[in-house]
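This report goes through the helix packing in one protein chain, contact by contact. Please look over the sequence and the model before reading on.

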Amino acid sequence: MLVALDRPRWQQLVACCVSLWALAWIAGQFVDPDDAPSALGVLGDLAARFGMTGGGWAERVTETWQHSGGGLALFGGLLWAATTERGQLPALLGWVAVMLGAERLGYRPAMLAALAGMVGFVLLLWITAHLSRRFLDGTTLFPNDVVRAGVTAAALAAVVPLYAPMLFLTRLGNPYLTKGPRPVPAQRREETQITDRERA
């Protein structure tokens, strides 16, 4: 989805970092399932490759998260559900929360908890829309709009790990694409016709 690439520049940098982190973490689950790296383990390995050992900070943070609750994965799913085309930052924060929650729960339970949180929230809104369409000071809640917003949020959250490769391929192919002429807006077209008549 090209709309996922439409972000402010600072958010593009954050999205690339989170995308590469999530992609490496997910790939590790399939490449070596028996000894799959944790999300913080991926960061620790990356830091070690650049010579930033930092005295085992990744291990200490991992121990801290493992002794905390696994509610971060559920919270990550709620952040995924809050993602919109104009507000894509929650998807990034959701992935960070899910990866940190996976330090205690593991990859599959954390992903399932996040998906359950997102789907459960959208389902709750959908049921609320059917029961009462009036919602918070005259704002209307329509079931079709709830489903559409939920699908958009899920799609934008799902492409976060693929963001960095998508951005790279888009930037690589941009010079070779030919863009057609943009249609003239109706108002400008009318103004141009009036100007032509005045000149005649």
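## Helix 1 against helix 8

In this predicted model, helix 1 and helix 8 (residues 163–173) pack with their axes 7 Å apart, at an angle of about 120°. Helix 1 is therefore oblique to helix 8. On the side of helix 1, the contact is made by Arg9, Gln12, Ala15, Cys16, Ser19, Leu20 and Leu23, and on the side of helix 8 by Tyr163, Ala164, Pro165, Leu167 and Arg171. Sorted by class, the residues in the contact of helix 1 with helix 8 are eight nonpolar, two polar and two charged.

## Three buried residues of helix 1

Helix 1 covers residues 9–31, and serine 19 is part of it. Serine 19 counts as buried because its relative accessibility is 0%. Which residues does serine 19 contact, leaving aside its neighbours within four places in sequence? They are Val160, Pro161, Leu162, Tyr163, Ala164 and Pro165. Serine 19 is also 8.6 Å from valine 159, C-alpha to C-alpha, although 140 residues separate the two in sequence.

Glutamine 12 is found in helix 1 as well. Its relative accessibility is 12%, so glutamine 12 counts as buried. With neighbours within four places in sequence left aside, glutamine 12 is in contact with Leu5, Arg7, Tyr163 and Arg171. Tyr163 and Arg171 both appear on the helix 8 side of the contact with helix 1. Glutamine 29 lies in helix 1 too. Glutamine 29 has a relative accessible area of 14% and is therefore buried. Not counting residues up to four places away in sequence, glutamine 29 touches Ala36, Pro37 and Tyr107.

## Helix 6 against helix 7

A further helix pair is formed by helix 6 (residues 107–131) and helix 7 (residues 143–158), which pack at an angle of about 165° with their axes 8 Å apart. Angles over 145 degrees count as roughly antiparallel, so helix 6 is roughly antiparallel to helix 7. The crossing of helix 6 past helix 7 is right-handed.

Which residues of the two helices meet? Helix 6 brings Met118, Val122, Leu125, Trp126, Ala129 and His130, and helix 7 brings Pro143, Val146, Val147, Gly150 and Ala154. The residues of this contact of helix 6 with helix 7 comprise nine nonpolar, two polar and no charged.

## The buried side of helix 4

Helix 4 spans residues 71–81, and its buried residues are Ala73, Gly76, Gly77, Leu79, Trp80 and Ala81. What do the buried residues of helix 4 pack against? They pack against helix 5 (89–105), helix 6 and helix 7. The buried residues of helix 4 thus meet both members of the pair formed by helix 6 and helix 7.

## The chain as a whole

The chain contains nine helices and two strands. Along the sequence, these elements follow the pattern α-α-α-α-α-α-β-β-α-α-α.

The chain has 200 residues, and 32% of them are buried. Among contacts with a separation of 6 or more, 64% link residues 24 or more positions apart. The exposed area of the chain is about 13200 Å², and carbon and sulfur atoms supply 63% of it.

How values were computed: Residues numbered from 1 in each chain as written. Predicted model: local features only at pLDDT ≥ 70, side-chain atom pairs only at ≥ 80, totals over all residues. Heavy atoms only, no water. Axes fitted to C-alpha atoms, helices over the stretch in contact; angles between N-to-C directions. Helix = DSSP H or I, 4+ residues; strand = E, 2+ residues; numbered from the N terminus. Parallel < 35°, antiparallel > 145°, perpendicular 65-115°, else oblique. Left-handed = near helix turned anticlockwise from the far one by under 90°. Contact = heavy atoms within 4.5 Å. Nonpolar A, V, L, I, M, F, W, Y, C, P; charged D, E, K, R; others polar. Buried < 20%, exposed > 50% of the residue type's maximum accessible area, 1.4 Å probe, protein only. Areas by Shrake-Rupley, 256 points an atom, 1.4 Å probe, with all protein chains shown as cover.
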